[in-house]
Amino acid sequence: MTDPVKGDLATENNWGDPKAMAGLTLMRRLVTSLLVVMILGFLLLIGLLVTRFPTLNAPVSYDFPENITLPAGISAQNFTRGPDWVGIVTDKNAFLIFDATTGELRQTVEIQSATQ
């Protein structure tokens, strides 16, 4: 027996209507497609992170390059590396730039001290 206030759920919500069921089927397929696309996108993102950053834990050498020989009477206070060069700050207020592979002196930059 149906409640006169609530009505019959089957007729009120159109559960038996094929058009309503087609809409629900379409909605279910859209949600499933969205889920699949999101999972594939997440897997692609993880794959890109793994392949683009494989050397994050690779050891970095902070040792002074062995193929570089400083001129006589000059000692290094600090050095830095570039893509294909090594820069050395000397105790004589100079910045020496060497080739990273050959160790050949490329350029010398004189540094003026603040007291002059």
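Strands β1 and β2 form a hairpin, with 3 residues between them. They pair in the antiparallel sense over 5 bridges. Within that pairing, Thr80 stands opposite Gly87 of β2. The model described here is predicted.

**Overall layout**

The protein contains 2 helices and 4 strands. Read from the N terminus, the order of elements is α-α-β-β-β-β. The helices therefore precede the strands, as the order α-α-β-β-β-β is counted from the N terminus in DSSP runs. The chain has 116 residues, and 10% of them count as buried. About 9800 Å² of the protein is exposed. Carbon and sulfur atoms supply 63% of that area. Contacts were also sorted by sequence separation. Among contacts with a separation of 6 or more, 11% link residues 24 or more positions apart.

**The helical part**

Helix α2 covers residues 18–52. Val36 has its place in this helix. How open is Val36 to the surroundings: buried, exposed or partly exposed? Val36 is partly exposed, with a relative accessible area of 43%. Val36 also belongs to a nonpolar surface patch of about 1100 Å². The other members of the patch are Leu35, Ile39, Leu40, Phe42, Leu43, Leu45, Ile46, Leu49, Val50 and Phe53. A patch takes in residues with over 30% relative accessible area. Val36, at 43%, therefore passes that cut-off.

**The sheet**

The 4 strands form an open sheet in the order β1-β2-β3-β4, with antiparallel pairing. Its edge strands are β1 (76–81) and β4 (105–110), each of which pairs on one side only. From one strand to the next, the twist averages 20°.

Strand β2 (residues 85–90) is joined to strand β3 (residues 94–99) by 5 bridges, and the two run antiparallel. Two residue pairs mark this register. Val89 stands opposite Phe95 in β3, and Val86 stands opposite Phe98 in β3. The hairpin of β2 and β3 has 3 residues between the strands. In this hairpin, Asn93 takes a positive phi near 55°.

Strands β3 and β4 are likewise joined by 5 bridges and run antiparallel. Phe98 has Leu105 as its bridge partner in β4. Phe98 thus has a facing residue in β2, namely Val86, and a bridge partner in β4, namely Leu105. The hairpin of β3 and β4 has 5 residues between the strands. Gly103, in the turn, has a positive phi of about 85°.

How many of the 6 residues of β3 are buried? The count is 5, and the strand is mostly covered. The edge strands β1 and β4, by comparison of pairing, have a partner on one side only.

**Salt bridges**

Side chains of opposite charge can pair when their charged atoms come close. The structure holds 2 salt bridges. Both are listed here.

| Salt bridge | N to O distance |
|---|---|
| Arg106 and Asp84 | 3.2 Å |
| Asp99 and Arg106 | 2.8 Å |

Why does the bridge between Arg106 and Asp84 tie together separate parts of the chain? Arg106 lies in strand β4 and Asp84 in the loop between β1 and β2, so the pair links parts that are 22 residues apart in sequence. Arg106 is partly exposed, with a relative accessible area of 43%. Asp84 is partly exposed too, with a relative accessible area of 41%. Asp99 is buried, at a relative accessible area of 14%. Salt bridges with shared partners join Asp84, Asp99 and Arg106 into one network.

**In brief**

The predicted model has an open antiparallel sheet of 4 strands. Strand β3 has 5 of its 6 residues buried. Helix α2 (residues 18–52) holds Val36, a member of the nonpolar patch of about 1100 Å². Arg106 meets Asp84 and Asp99 in salt bridges.

Notes. Residues numbered from 1 in each chain as written. Predicted model: local features only at pLDDT ≥ 70, side-chain atom pairs only at ≥ 80, totals over all residues. Heavy atoms only, no water. Buried < 20%, exposed > 50% of the residue type's maximum accessible area, 1.4 Å probe, protein only. Contact = heavy atoms within 4.5 Å. Areas by Shrake-Rupley, 256 points an atom, 1.4 Å probe, with all protein chains shown as cover. Pairing = 2+ DSSP bridges. Axes fitted to C-alpha atoms, helices over the stretch in contact; angles between N-to-C directions. Patch = residues over 30% accessible without salt bridge, like charges linked within 9 Å, V, L, I, M, F, W, Y side chains within 5 Å. Salt bridge = Lys/Arg side-chain N within 4 Å of Asp/Glu carboxyl O.
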